[in-house]
Amino acid sequence: VIEAGVTITMQAADANFESISGDGSINLIGSLTISQALRFAQNLSGTVTISNTSATAVELNNLDTTSDAVFDVSLLTAVSGVASALIQAYASLGLEGLGDENVTVTDTVDVAQLKAINNATDGNITLEVTDGALSGNAEDLLAAFAGVVTRHTGTITVTGAVTVIELNAIAAETDGIVTAT
């Protein structure tokens with residue numbers, strides 16, 4: 001049991017994670033899995049490296065909200081979840097190293113959400129729901145589809161002024177009908 005106010009520094013590989021409890025803090029050298037980090041999140045301090053290569057946005061957000069530690073998640077190559085949870089994870093100050101992983105969005109996205117996710121990662125974006133209707137101005141739509149995004153099959157409504165070049169670029173991103181209003 002770690003006493004309140006006591007900080008213990010240890011190699012992560014040497015820690016007996018079945019017996020750590022209490023109110024002190026643990027400063028780890030090495031890495032933990034997400035499940036280990038969540039089990040002891042309230043006791044962790046400093047920067048903790050997460051060894052997983054994939055995670056859900058809910059897991060990442062749980063890490064962020066249950067600990068004062070900063071989590072280095074740069075080993076992740078894939079993140080999945082609903083759009084709002086993904087955006088929360090990418091905006092977190094308690095998660096470091098996000099930005100180049102592939103992302104799977106498991107729900108219907110709107111243009112602002114897809115744009116935010118696309119701006120947050122250089123990885124590929126897979127939309128599990130490809131037929132959702134999207135609406136927005138040309139600039140936002142083009143930003144939402146920048147990079148590699150799953151082929152969209154739903155309708156797209158372009159609002160405001162749009163050039164022929166922009167309209168053609170947007171149409172190239174969908175098999176659905178594109179309407180300019």
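These are my notebook entries on a predicted model of one protein chain.

**Entry 1: the whole chain**

I began with the overall make-up. The protein chain has 13 strands and six helices. I then looked up burial, and 38% of the 181 residues count as buried. I also checked how contacts spread along the sequence. Taking contacts between residues at least 6 apart in sequence, I found that 34% join residues at least 24 apart.

**Entry 2: helices α2 and α3**

Next I turned to helix packing. I keep in mind that two packed helices are described by the angle between their axes and the distance between the axes. Helix α2 covers residues 57-66 and helix α3 covers residues 83-91. Their axes lie 9 Å apart, and the packing angle is about 40°. An angle under 35 degrees would count as roughly parallel, so I put α2 and α3 down as oblique to each other. I noted the crossing of α2 and α3 as left-handed.

Which residues of α2 and α3 make the contact? From α2 I listed A57, L60, N61 and T65, and from α3 I listed A85, L86, Q88 and A89. Sorted by class, the contact of α2 with α3 has five nonpolar residues, three polar ones and no charged ones.

**Entry 3: helices α3 and α4**

I followed α3 to another partner, α4. The axes of α3 and α4 cross at roughly 40° and come within 10 Å. The crossing of α3 and α4 is left-handed. On the α3 side I wrote down A83, S84, L86, I87 and Y90, which meet Q113, A116, I117 and A120 of α4. The contact of α3 with α4 divides into seven nonpolar, two polar and no charged residues.

**Entry 4: E59**

I went back to α2 for a look at a single residue, E59, which is found in that helix. Is E59 buried, exposed or partly exposed? Its relative accessible area is 29%, and buried would need under 20% while exposed would need over 50%, so E59 is partly exposed. Leaving aside neighbours within four places in sequence, I found E59 in contact with I34 and L38. I looked at the pair with L38 again: E59 and L38 are 21 residues apart in sequence, and their C-alpha atoms are 8.4 Å apart in space.

**Entry 5: T121**

Then I moved to a loop residue. T121 sits in the loop between α4 (111-120) and β10 (125-127). T121 counts as buried because its relative accessibility is 2%, and the cut-off is under 20%. What does the side chain of T121 reach with a polar atom? The backbone oxygen of E101 lies 2.6 Å from such an atom, and the backbone oxygen of G99 lies 3.5 Å from one. Not counting neighbours within four places in sequence, the contacts of T121 are Y90, G99, D100, E101 and V103. I had already met Y90 among the α3 residues that meet α4.

**Entry 6: T174**

My last stop was T174, placed in the loop between α6 (164-171) and β13 (178-180). Its relative accessibility is 5%, so T174 counts as buried. I checked the side chain of T174 and saw that it reaches the backbone nitrogen of G176 at 2.8 Å. Setting aside residues up to four places away in sequence, I found that T174 touches R151, H152, T153, G154 and I156.

How values were computed. Residues are numbered from 1 along each chain as its sequence is written. This is a predicted model: local features need pLDDT of at least 70, side-chain atom pairs count only at pLDDT 80 or more; totals for chains, interfaces and linings use all residues. Side-chain values use heavy atoms; hydrogens and water are left out. Helices (H or I, at least four residues) and strands (E, at least two) are DSSP runs, numbered from the N terminus. Buried means under 20% relative accessible area, exposed over 50%, partly exposed in between (1.4 Å probe, protein chains only). A polar contact is a pair of N or O atoms within 3.5 Å; within protein, one must be able to donate a hydrogen and the other to accept it, and residues adjacent in sequence count only if both atoms are side-chain atoms. Contact means heavy atoms within 4.5 Å. Axes are lines fitted to C-alpha atoms, for helices over the stretch in contact, and angles run from 0 to 180 degrees between N-to-C directions. Angles under 35 degrees count as roughly parallel, over 145 as roughly antiparallel, 65 to 115 as roughly perpendicular and the rest as oblique. A crossing is left-handed if the near helix is turned anticlockwise from the far one by less than a right angle, and right-handed if clockwise. Ala, Val, Leu, Ile, Met, Phe, Trp, Tyr, Cys and Pro count as nonpolar, Asp, Glu, Lys and Arg as charged, and the others, Gly among them, as polar.
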